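Take a walk through this model, one element at a time. Start from a single residue and work outward.

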Amino acid sequence: MERAEARSRRNLSWHRHISRARGGQAASLPDQSGRVAVVTGANQGLGLETARALALRGATVLLACRDLDKAERAAALIRAGDASAKVQVVRLDLASLASIREAATTIRALSTRLDLLINNVGVMEIPLNAPRTVLS
Ligand SMILES: NC(=O)c1ccc[n+]([C@@H]2O[C@H](COP(=O)([O-])OP(=O)(O)OC[C@H]3O[C@@H](n4cnc5c(N)ncnc54)[C@H](OP(=O)(O)O)[C@@H]3O)[C@@H](O)[C@H]2O)c1
């Protein structure tokens, strides 16, 4: 319980920190026009806000997510803020090497350049006895 509350407090603080990017007001983020970014886990949380900030500053952003429905909803949210936002979704489950290879092939097919790779998906506070996965 204490652990969950601590995580929730940290989440709030990070989301406040990054919320300055909302509505295209990422004051410290320079123009990203012409750049291509991949953001993993971009359907929610910090990944979504990072993808949103990059897209609203002109980047083409590939939302690399394991659930395509969630990814499409996130893309729609970003486009709701700017109909000209260049966002596309790519299926990527980082717990599967096959999915990682497939995503790499898709990304190569979608773009000849990649300027930013935001490895947002990660794990923290893993119990010591948790089974090892590709991600961990
Ligand atoms: N928030 C904080 O306070 C904080 C502090 C320090 C570090 N971080 C790090 O920042 C990153 C994002 O944090 P967050 O709070 O925004 O997390 P979050 O809201 O829980 O979002 C995690 C994202 O990762 C995706 N994901 C999880 N496992 C995946 C997998 N196997 N393959 C592909 N995508 C996967 C989730 O997809 P689904 O929606 O499909 O589950 C979701 O989009 C994490 O690496 C976290 O450890 C966060």
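Val 90 counts as buried, because 21 C-beta neighbours fall inside 10 Å. The cut-off for that label is 20 or more. Keep in mind that this is a predicted model. Val 90 sits in strand β3. Leaving aside neighbours within four places in sequence, its contacts are Leu 62, Leu 63, Ala 64, Ala 103, Thr 106 and Ile 107. Glu 72 is 18 residues away along the chain from Val 90, and the two C-alpha atoms are separated by 9.6 Å.

Now step back to the whole chain. The protein chain has 4 helices and 4 strands. Read along the sequence, they follow the pattern α-β-α-β-α-β-α-β. Of the 136 residues, 29% count as buried. Take the contacts between residues at least 6 apart in sequence: 65% of them join residues at least 24 apart.

Which residues touch the most other members of the largest nonpolar core? They are Ala 51, Ala 55, Val 61, Leu 63 and Ala 64, out of 27 residues in that core. The elements β1 (36-40), α2, β2, α3 and β3 each give two or more residues to this core. The biggest share comes from α2, with 6 residues. One core member, Ala 64, can be followed further. Beyond its neighbours within four places in sequence, Ala 64 is in contact with Val 38, Val 39, Thr 40, Ala 42, Val 90, Leu 92 and Ala 103. Val 90, the starting point, is in that list.

Turn to α2, which covers residues 45-56. Is this helix largely enclosed or largely open? Of its 12 residues, 10 are buried, so α2 is largely enclosed by the rest of the structure. The buried residues are Gly 47, Leu 48, Glu 49, Thr 50, Ala 51, Arg 52, Ala 53, Leu 54, Ala 55 and Leu 56. The length of α2 can be checked too. At 1.5 Å a residue, its 12 residues should span 16 Å; the end C-alpha atoms are 17 Å apart, which agrees. Just after α2, Gly 58 takes a positive phi of about 105°.

Gly 58 leads to a loop residue. Asp 31 touches Arg 57 and Gly 58, not counting residues up to four places away in sequence. Asp 31 is found in the loop between α1 and β1. Asp 31 is exposed, because it has 9 other C-beta atoms within 10 Å, and the limit for exposed is 12 or fewer. The C-alpha atoms of Asp 31 and Ala 55 are separated by 9.9 Å, with their positions 24 residues apart along the chain.

Helix α3 shows another arrangement. At 1.5 Å a residue, the 14 residues of α3 (residues 68-81) should span 20 Å, and its end C-alpha atoms are 20 Å apart, which agrees. Where do its buried residues point? Ala 71, Ala 74, Ala 75 and Ile 78 are the buried ones. Seen down the axis of α3, they fall within an arc of 100°, so they line one face of the helix. These buried residues pack against α2, β2 (60-65) and β3 (86-91). On the other side of α3, Asp 69, Ala 76 and Ala 80 are exposed.

Last comes the ligand. How many residues surround it? There are 22, and the closest are Gly 41, Gly 45, Leu 46, Leu 94 and Gly 122. Both α1 (2-18) and α2 supply at least two residues of this shell. By type, the shell divides into 9 nonpolar, 8 polar and 5 charged residues. Helix α2 therefore has two roles in this tour: it gives the most residues to the nonpolar core, and it is largely enclosed by the rest of the structure.

Notes:
Residues numbered from 1 in each chain as written. Predicted model: local features only at pLDDT ≥ 70, side-chain atom pairs only at ≥ 80, totals over all residues. Near = placed C-beta within 6 Å. Nonpolar A, V, L, I, M, F, W, Y, C, P; charged D, E, K, R; others polar. Expected span 1.5 Å × (residues − 1). Arc of directions from axis to C-beta. Contact = placed C-beta atoms within 7 Å. Core = buried A, V, L, I, M, F, W, Y, C linked by C-beta atoms within 7 Å.
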